[in-house]
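Student: Please show me the structure, and then we can go through it by question and answer.

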Amino acid sequence: MKKNILITGGAGFIGSHVVRHFVKKYSDYLIINIDKLTYAGNLENLNDIENLPNYKFVKGDICENSLIQKLFSEYKFEGVIHLAAESHVDRSILNPMEFVETNVKGTVTLLNAFKQHCDIDKSVFYHISTDEVYGELGNEGKFTETTPYSPNSPYSASKAASDHFVRAYHTTYKLNIRISNCSNNYGPYHFPEKLIPLMINNILNNKPLPVYGKGENVRDWLYVKDHAEAIDTVFHNGKNGETYNIGGNNEWKNIELVKLLCNLTDQKLGNSSDSSQRLITYVNDRAGHDFRYAIDSSKIMRELGWKPKVTFEQGLSETIDWYLQNKKWLENVTSGEYISYYSKMYEKYS
Ligand code: NAD
Ligand code: DAU
């Protein structure tokens with residue numbers, strides 16, 4: 001008998017890497033991927049594994065209680081790895097309620113079903129969260145697992161609320177949980193509304209490269225496959241009730257990163273050295289823009305033995321190569337073609 005493991009949001013950027021990692025590595029698991037297929041969910045991300053016998057896709061919304069209850073009752077999951085979320089800060093500024101809905105209500109709907117249908121001594125509920133819950137840093141210091149929560153955007157406030165619910169269900173109902181808070185991911189299948197893929201896409205299409213404010217904000221970048229490995233490590237070896245910070249120890253000012261992307265992409269395209277940098281355009285700053293994030297990952301490294309394997313040089317080069325080789329994927333997501341294609345192909349789970 002295979003163990004049933006639920007991964008939520010598996011058609012998104014990080015979720016698709018996590019699904020692929022688990023399906024390929026653990027043939028004794030049946031991986032069930034539930035995804036609503038919002039604009040950010042694209043089953044093309046999983047083309048290479050969609051027919052494997054230990055993988056199943058379920059189209060559905062994690063906020064829909066009756067659907068979630070039925071799914072949990074049918075599969076009696078031994079593990080839940082919860083990634084489904086609205087994930088883009090700029091969208092959260094325009095429409096906070098969507099973030100409350102999926103990130104908070106969706107998480108509590110899953111927790112209730114887990115509590116009701118799973119063996120809470122053996123089954124694990126693992127919530128994937130973000131470093132943004134800790135707020136912003138000045139020039140010095142790093143976030144640790146004991147840094148007080150201080151979210152500044154509607155997105156990070158909704159993720160902070162979901163983290164609190166997961167912890168509260170551990171304390172109140174004794175659920176076997178883990179939480180991890182990760183820094184900015186990058187890599188293949190990253191939706192081109194986020195900094196790195198947006199810049200690559202705009203360079204390829206000779207469009208302006210919008211840098212918010214003065215470009216001096218700092219982010220810590222981690223290759224997405226290293227995050228998938230960290231998730232595997234925490235899921236299997238993490239301790240009940242614990243939080244683990246995950247980061248790349250790889251801080252970049254936005255403007256420096258954009259210039260690096262210009263240079264690397266120009267080199268790969270055989271363009272002259274400044275042909276993309278002239279596209280850099282300073283635009284109005286993001287409201288409430290957090291200045292700096294930096295993660296202290298020493299706990300997961302010390303206690304669970306995880307560390308990133310991919311250098312930034314290698315990861316960024318592979319990422320640009322992937323976008324250059326997958327122009328059709330970029331065209332499909334920027335035109336929105338994938339949405340109608342996959343929503344016609346799958347009926348909602350009922
Ligand atoms: P994403 O936006 O690329 O993907 C989110 C996925 O969730 C999509 O496939 C979408 O269709 C699905 N989804 C959204 N609402 C849903 C709903 N109501 N029901 C079912 N499915 C739904 O996000 P991502 O960047 O891959 O992030 C995944 C998780 O990791 C999120 O929880 C995010 O907060 C967290 N995280 C992301 C980063 C990052 O750098 N991207 C860093 C740290 C943590
Ligand atoms: O830190 C983890 C978080 O990283 C995740 O929880 C979020 O889901 C993920 O989206 C990401 O949030 P950021 O806001 O840091 O990522 P984004 O790619 O949107 O922006 C990175 C930085 O680049 C940020 O300082 C804003 C800036 N930026 C972004 C865009 C899209 C620009 O200057 N121009 C842009 O066009």
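Student: How many residues in the lining of the second largest cavity are nonpolar, polar and charged?

Tutor: The model is predicted, with local features needing pLDDT of at least 70 and side-chain atom pairs pLDDT 80 or more, while totals for chains, interfaces and linings use all residues. Residues are numbered from 1 along each chain as written, chains are lettered from A and ligands numbered from 1 in written order, and side-chain values use heavy atoms, without hydrogens and water. The lining consists of Leu 37, Thr 38, Gly 41, Tyr 338, Ile 339, Tyr 342 and Ser 343. With Ala, Val, Leu, Ile, Met, Phe, Trp, Tyr, Cys and Pro as nonpolar, Asp, Glu, Lys and Arg as charged, and the others, Gly among them, as polar, the division is four nonpolar, three polar and no charged.

Student: What is the volume of the largest cavity?

Tutor: A cavity is a set of points on a 1 Å grid over the protein atoms alone where a 1.4 Å probe fits but cannot get out; lining residues have an atom within 4 Å of a point. Points are joined across faces, edges and corners, and volume is the space filled by probe spheres set on them. Two cavities of 30 Å³ or more are counted. The second largest holds about 40 Å³, and the largest has about 50 Å³.

Student: Which residues line the largest cavity?

Tutor: By class this lining has two nonpolar, three polar and four charged residues. The residues are Val 89, Glu 132, Ser 153, Arg 219, Arg 286, Gly 288, His 289, Asp 290 and Tyr 293.

Student: Why is helix 1 called oblique to helix 7?

Tutor: Helices are DSSP runs of H or I with at least four residues, numbered from the N terminus. The axes of helix 1 (residues 13-25) and helix 7 (residues 224-237) come within 9 Å and cross at roughly 60 degrees. That crossing makes helix 1 oblique to helix 7, because angles under 35 degrees count as roughly parallel, over 145 as roughly antiparallel, 65 to 115 as roughly perpendicular, and the rest as oblique.

Student: How many nonpolar, polar and charged residues make the contact of helix 1 with helix 7?

Tutor: Contact means heavy atoms within 4.5 Å. On the helix 1 side the residues include Phe 13, His 17 and Lys 25, and on the helix 7 side Val 224, Glu 229 and Phe 235 are among them. The contact divides into eight nonpolar, four polar and four charged.

Student: What classes of residue make the contact of helix 6 with helix 8?

Tutor: The axes of helix 6 (residues 195-204) and helix 8 (residues 254-269) come within 10 Å and cross at roughly 40 degrees, and the two helices are therefore oblique to each other. Helix 6 brings Leu 195, Ile 196, Met 199, Ile 200, Ile 203 and Leu 204, while Leu 257, Cys 262 and Thr 265 are among the residues of helix 8. The count is 11 nonpolar, two polar and no charged.

Student: Which residues of helix 10 meet helix 6?

Tutor: The axes of helix 6 and helix 10 (residues 312-325) come within 11 Å and cross at roughly 50 degrees. Helix 6 contributes Ile 196, Pro 197, Ile 200 and Leu 204, and helix 10 contributes Leu 316, Thr 319, Ile 320, Tyr 323 and Leu 324.

Technical notes. On a 1 Å grid over the protein atoms alone, a cavity is a set of points where a 1.4 Å probe fits but cannot get out, and a pocket is an open set with protein on both sides within 12 Å along at least five of seven lines; lining residues have an atom within 4 Å of a point. Axes are lines fitted to C-alpha atoms, for helices over the stretch in contact, and angles run from 0 to 180 degrees between N-to-C directions.
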